[in-house]
Amino acid sequence: MSEWTEVVVSVPVGDIGRAGDIAQMVVPYGIYIEDYSQLERETQEIAHIDLIDEELLKKGRTKGLVHIYLEPQENPQEALAFLRERYTEAGIAHELSMVTVREEDWAEGWKKYFTPLPVGEKLLIQPTWEKLPDEFAGRALLWIDPGMAFGTGGHATTRLCLETLERVIKPGATVLDVGCGSGILSMAALLLGASRTVGVDIDALAVKTAVENGARNHMAPPRYTIVEGDLTGSISGTFDVVVANIVADVICALCADVGRFLAPGGRFVASGIIDTREGDVRAAFAQHGLTVSERYAEDGWVCLVAQF
């Protein structure tokens, strides 16, 4: 019998609700949360007893645990990288563990699941350790070794972004990639005709991975620039396209600042939006004067294109 993989996320109890919402993005069939911060009070209110099992009393009160169970065909490394970057973006302190794969084995674990992947009409996402398939000759080739950074093209949010960039990027366009992860969107933008891309991420490991992936694809400053930091403190200038494949809450917050970075007539491509949060994102767009011009969806995820 094939085995499922259990991912366990440890977070401060005050963040357990938000952490659970983000974990729910990985699996559609439910998660399991352990939160013992109110054990005594809840036991009295619900069960009306004072006697509590000794093992339960030993449970920590300051940390909560989110358990995620992945089916055998799911890519656990993609899930781990996704969670790691989303929790970092949301400012949630976290520890990730997995029953079957240790953190130091993540980079090797990718190789079991990551194979050449055609995306849209023009791109081929190619693992560095795989032979180039003959049937995909003629596509623009993007070599990726994701390590522990999110972004192989295998996740629906990344595919939606890549396909949308293929539609919106005009020759010579400039692109800002917010939360760049592995650098996949920045590099793809160049292959799709952009003249210059800037990627920014608050995660030092993602920045390191994005720079290394750029070198693999012969992309370097000033054409391909990766910056560590947040958007407002690290980036200047305006761009024809701003793309953010993050989470709904961060996209909503970005709406207040994105106008400073969009050139006249520029487009804001926002992905990483689970469909149940689309209304919140649209409301934030409207509040800040952004009008949605295009919408694409896949597997419960939504990508929106907006303009001022």
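**Exercise 1. The loop around histidine 218**

Where is histidine 218 found? Describe its backbone and its exposure in this predicted model.

*Solution.*
- Step 1: locate the residue. Histidine 218 is in the loop between helix 8 and strand 10.
- Step 2: check the backbone. Phi of histidine 218 is near 55°, a positive value in a residue that is not glycine.
- Step 3: classify the exposure. Exposed means over 50% relative accessible area. Histidine 218 has 73% relative accessibility, so it counts as exposed.
- Step 4: look for a further backbone feature. Proline 222 also has its place in the loop between helix 8 and strand 10. The peptide bond from proline 221 to proline 222 is cis, with omega near 0°.

**Exercise 2. The seven-stranded sheet**

Work out the strand order, the edges and the packing of the open sheet of seven strands.

*Solution.*
- Step 1: write the order. The strands run 10-9-8-11-12-14-13, and their pairing is mixed.
- Step 2: find the edges. Strand 10 (224-228) and strand 13 (291-298) each pair on one side only.
- Step 3: take the twist. On average, neighbouring strands of this sheet are turned by 15° against each other, direction ignored.
- Step 4: examine one pairing. Strand 13 and strand 14 run antiparallel and are joined by seven bridges. Threonine 291 stands opposite glutamine 307 in strand 14.
- Step 5: add the helix. Helix 8 (residues 204-216) packs on the sheet and touches strand 9 (196-201) and strand 10. The direction of helix 8 makes about 165° with that of strand 10.

**Exercise 3. The surroundings of alanine 306**

Is alanine 306 buried or exposed? Which residues is it in contact with, leaving aside neighbours within four places in sequence?

*Solution.*
- Step 1: place the residue. Alanine 306 lies in strand 14.
- Step 2: classify it. Its relative accessibility is 0%, so alanine 306 counts as buried.
- Step 3: list the contacts. With those neighbours left aside, alanine 306 touches Gly266, Arg267, Phe268, Phe285, Leu290, Thr291, Val292 and Ser293.
- Step 4: compare sequence and space for one of them. Leucine 290 is 16 residues from alanine 306 in sequence. Their C-alpha atoms are 5.8 Å apart.

**Exercise 4. Aromatic pairs and a charge over a ring**

How many aromatic pairs are there? Give the geometry and the setting of each pair.

*Solution.*
- Step 1: count. There are two aromatic pairs.
- Step 2: take phenylalanine 82 and tryptophan 301. Their ring centres are 5.8 Å apart and their planes lie at 75°, so this pair is edge-to-face. The cut-off for that class is over 60 degrees.
- Step 3: place this pair. Phenylalanine 82 is in helix 4 (residues 76-89) and tryptophan 301 is in strand 14 (residues 301-307), so the pair ties together parts 219 residues apart in sequence. Phenylalanine 82 and tryptophan 301 are both buried.
- Step 4: take phenylalanine 268 and phenylalanine 285. Here the centres are 5.7 Å apart and the planes are at 55°, so the pair is tilted.
- Step 5: place this pair too. Phenylalanine 268 is in strand 12 (residues 262-274), and phenylalanine 285 is in helix 11 (residues 278-287). They are 17 residues apart. Both phenylalanine 268 and phenylalanine 285 are buried.
- Step 6: look for a charge over a ring. The charged end of arginine 167 sits over the ring of tyrosine 296, 4.0 Å from its centre.

**Exercise 5. The buried residues of helix 1**

Which residues of helix 1 are buried? Which elements are among those that cover them?

*Solution.*
- Step 1: list them. In helix 1 (residues 16-24), the buried residues are Ile16, Ala19, Gly20, Ile22 and Ala23.
- Step 2: recall the helix repeat. An α-helix has 3.6 residues a turn, so residues three or four places apart point the same way.
- Step 3: test the arc. Seen down the axis of helix 1, the buried residues fall within an arc of 165°, so they line one face of the helix.
- Step 4: name the cover. It includes strand 1 (5-12), strand 2 (32-34), strand 3 (63-70) and helix 4.

**Exercise 6. The three-stranded sheet**

Describe the open sheet of three strands and the helix that lies across strand 5 and strand 6.

*Solution.*
- Step 1: write the order. It is 5-6-7, with mixed pairing.
- Step 2: find the edges. Strand 5 (117-119) and strand 7 (140-144) each have a single partner strand, so one side of each is left without a neighbour in the sheet.
- Step 3: take the twist. Neighbouring strands of this sheet are turned by 25° on average, direction ignored.
- Step 4: examine one pairing. Strand 6 (residues 123-127) and strand 7 run parallel, joined by five bridges. Isoleucine 125 has leucine 142 in strand 7 as its bridge partner.
- Step 5: add the helix. Helix 6 (residues 156-168) lies across strand 5 and strand 6, at about 45° to strand 5.

Definitions and conventions
Residues are numbered from 1 along each chain as its sequence is written. This is a predicted model: local features need pLDDT of at least 70, side-chain atom pairs count only at pLDDT 80 or more; totals for chains, interfaces and linings use all residues. Side-chain values use heavy atoms; hydrogens and water are left out. Rings of Phe, Tyr and Trp (its six-membered ring) pair if their centres lie within 6.5 Å; planes under 30 degrees apart count as stacked, over 60 as edge-to-face and the rest as tilted. Helices (H or I, at least four residues) and strands (E, at least two) are DSSP runs, numbered from the N terminus. Buried means under 20% relative accessible area, exposed over 50%, partly exposed in between (1.4 Å probe, protein chains only). A charge sits over a ring if NZ of Lys or CZ of Arg is within 6 Å of the ring centre and within 35 degrees of the ring normal. Two strands pair if DSSP finds at least two bridges between them. Axes are lines fitted to C-alpha atoms, for helices over the stretch in contact, and angles run from 0 to 180 degrees between N-to-C directions. Contact means heavy atoms within 4.5 Å. The arc is that of the directions from the helix axis to the C-beta atoms.
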